[in-house]
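Dear colleague,

Please find below the structure that I am handing over to you, followed by an account of what was found in it. I should be grateful if you would read the account with the model open beside it.

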Amino acid sequence: MSTQQLKGLIVNENFTPICHVKVEFDVDLPQYKTHKGVYSNDELHEVQAPVLMWLDALDLVFHRLVEQGINLKNLRGISGACQQHGSVYWNQQSVDGLGCLNNAERANGELSTILGDSFAWDLSPNWQDHSTSKECQQLEDAVGGADELAKITGSKAHHRFTGPQVLKLKNNRPDIYKRTYRIALVSSFLTSVLTGQHVIHDIGDVCGMNLWDIRHCQWNEKLVGLFDDDGSPVTEKLGPVGTDGQTSNYPVGRIASYFAQKYGVNSECLIVPATGDNPGTILSLPLEPNDVIISLGTSTTALVVTEKYVPSPLYHLFNHPVTDGEYMGMLCFSNGALAREQIRNSINAKYNVSDQKSWEKFNELLTTTNKETNKIGFYFPLSEIIPDTAPTVKRVQWSDDGETCTEDDEKSWNLPDEDALRIIESQALSIRYRLSPMLTTENHQPRRIYFVGGASHNKGICLAISKVLVPIEGSYTLDLTDACATGSAYKSIYGVNQPSANWNDFINSKWTGAKICEGSQNLEDFYGEKAVNMFIKSEKIL
Ligand code: XUL
């Protein structure tokens, strides 16, 4: 369940994809009038999604699978990968509403009708929401600052994280908060609808709340204490968490009879807890420690599996969604494809390239422009998450001794040509600087990089990023359009078979590999510490 669409992917026991359907919220469910799957209020910096739309999307996905001639009697297990941080506010009535899904006589009609009265709020705050500065401060103050909050929950306070969002709801909409019986993440919401009962939160996804104490495996008392003035403990509303690999990986139940009756799903089909989209992504391939996945989509995300719990306000640490004692490190930048495309468009306009969407000239400039350690460009057409910055474009140039810098001096920049390499350099330097504490190789280099997402098909971009990150064994691209859906499909196979094997053995036994990105092995580290230091200094001027 992503921001703009819900996909249904079926794979067999050998990881072979069988069928793939999707529902695009704006296009397939126009009655909700969303734009890119959400409602945005630019003045209030709020971004929200209608919950009933997701229920209609779920019905439509099953409907489309049936339309494709898939016999859902063969379905043995289902899991999911959902946009992280979003929260769903169920009311008391939901116990009965969800129960209806398991009652042959009452499970009639559409999900959005059966569960229509089950929500205290019909909206879910989305990960793009930026409206919780006050609450972020409250959470950090409660534990003694950003460093402390990162130590406890794996992340400093972020606008989009569920804790600040729920706190804002309690402060601004106490009526809704009072009516809330259970707060679900998008992942636990999906698992609940599929099973027809309230369920646990997944151990990986719960770390996207800024409330969960990762080392002690429990809600943090000081943080949940911020909700105490309401009179009833927020932990009751938050409900239980699958506190280890056992509870989060094993099926939580069978599919609700609604889906068996209506779409012919095998009534024995097991539901394995859904996780977040990023934890789902790391399950799509056998990652060894120090391997990095870079997802080049609308946003840019870098993910790494690590056995070290080294929290920092610079990045996020989550529990590994499957393996106890491992962690997923994550960087999530909101600016990615859009920023690169804007530069590509001005380059194509300058050179009268007839196909506006062609990357040929952009990629040529990546190889003909001089690599730089003294020039840094920041290109944020959208508000940026890392660093927390309003939309801006800024170009800086440092003197060789790193003492003085000039800003936005258009004379010394060959524009827009030079922006092609500079945007890739700065996106990659930001990843390099922030990932390095989590990497345990000698020079904190990644072992391998796996590129996924839209721009992973662009070899020029992948190579230019690799030159900054210098992976020891090179970079690889995966022919995976749906990395997170694929990872969660593998999770369902693992869970259904009541895992005795360790996750990596399981995935290695079935996985068929990735393609090497030509030229990405044995790279010389041109950029080195000098470029990283210039980058850090430049970011401070933003
Ligand atoms: C991760 C994040 C996004 C969402 C939506 O922290 O906010 O990646 O999960 O995809």
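Pro 416 is located in the loop that runs between β21 (405-407) and α17. The peptide bond leading into Pro 416 from Leu 415 is cis, and its omega is near 0°. Please bear in mind throughout that this is a predicted model.

Backbone

A second cis peptide bond to inspect is the one that joins Ile 386 and Pro 387, with omega at about -10°. Pro 387 belongs to the loop between β19 and β20 (392-398). A further backbone feature is found at Asn 210, which is not a glycine and yet has a positive phi of about 65°. The loop that holds Asn 210 connects α9 (186-195) with β10 (212-213).

The ligand and its surroundings

Which residues are around the ligand? They are Gln 83, Gln 84, His 85, Trp 127, Arg 160, Asp 277, Asn 278, Met 330 and Cys 332. By class, this shell consists of three nonpolar, four polar and two charged residues. Two elements, α14 (277-282) and β18 (327-333), each contribute at least two residues to the shell.

Oxygen atoms of the ligand take part in the following polar contacts. In Asp 277, a polar side-chain atom is 2.3 Å from a ligand oxygen. In Asn 278, a polar side-chain atom is placed 3.0 Å from an oxygen atom of the ligand. Gln 84, by contrast, uses a polar backbone atom, which lies 3.0 Å from a ligand oxygen. On its own the ligand has 290 Å² of accessible area, and the protein covers 94% of this.

Cavities

How many cavities of 30 Å³ or more does the structure hold? There are five of them. The largest cavity has a volume of about 150 Å³. Its lining is made up of 15 residues, and those nearest the centre are Phe 333, Phe 380, Ser 426, Gln 427 and Ser 430. Two or more lining residues come from each of β19 (375-380), α17 (417-435) and α21 (528-541). Among the contributors to this lining, α17 has the largest share, with four residues. Eight of the residues that line the largest cavity are nonpolar, five are polar and two are charged.

The second largest pocket

The second largest pocket encloses about 410 Å³ of space. It is lined by 24 residues, and Pro 17, Asp 479, Leu 480, Tyr 490 and Thr 512 are the closest to its centre. The elements that supply two or more residues to this lining are β1 (5-11), β2 (17-24) and α19 (483-496). Which element provides the largest share of the lining of the second largest pocket? That element is β2, with four residues. The classes in this lining are eleven nonpolar, nine polar and four charged residues.

Leu 463

One further residue may be of use when you orient the model. Leu 463 is part of helix α18, which spans residues 459-469. With residues up to four places away in sequence left aside, Leu 463 touches Cys 517, Glu 518, Gly 519 and Ser 520. The C-alpha atoms of Leu 463 and Gly 69 are 41 Å apart in space, and the two residues are separated by 394 residues in sequence.

When you go through the model, I would suggest beginning with the ligand and then turning to the cavities and the pocket.

With kind regards

Methods
Residues are numbered from 1 along each chain as its sequence is written. This is a predicted model: local features need pLDDT of at least 70, side-chain atom pairs count only at pLDDT 80 or more; totals for chains, interfaces and linings use all residues. Side-chain values use heavy atoms; hydrogens and water are left out. On a 1 Å grid over the protein atoms alone, a cavity is a set of points where a 1.4 Å probe fits but cannot get out, and a pocket is an open set with protein on both sides within 12 Å along at least five of seven lines; lining residues have an atom within 4 Å of a point. Grid points are joined across faces, edges and corners, and a volume is the space filled by probe spheres set on the points. Ala, Val, Leu, Ile, Met, Phe, Trp, Tyr, Cys and Pro count as nonpolar, Asp, Glu, Lys and Arg as charged, and the others, Gly among them, as polar. A residue is near a molecule or strand if one of its heavy atoms lies within 4 Å of it. A polar contact is a pair of N or O atoms within 3.5 Å; within protein, one must be able to donate a hydrogen and the other to accept it, and residues adjacent in sequence count only if both atoms are side-chain atoms. Accessible areas come from the Shrake-Rupley method with a 1.4 Å probe; for residues, only the protein chains shown count as cover. Contact means heavy atoms within 4.5 Å.
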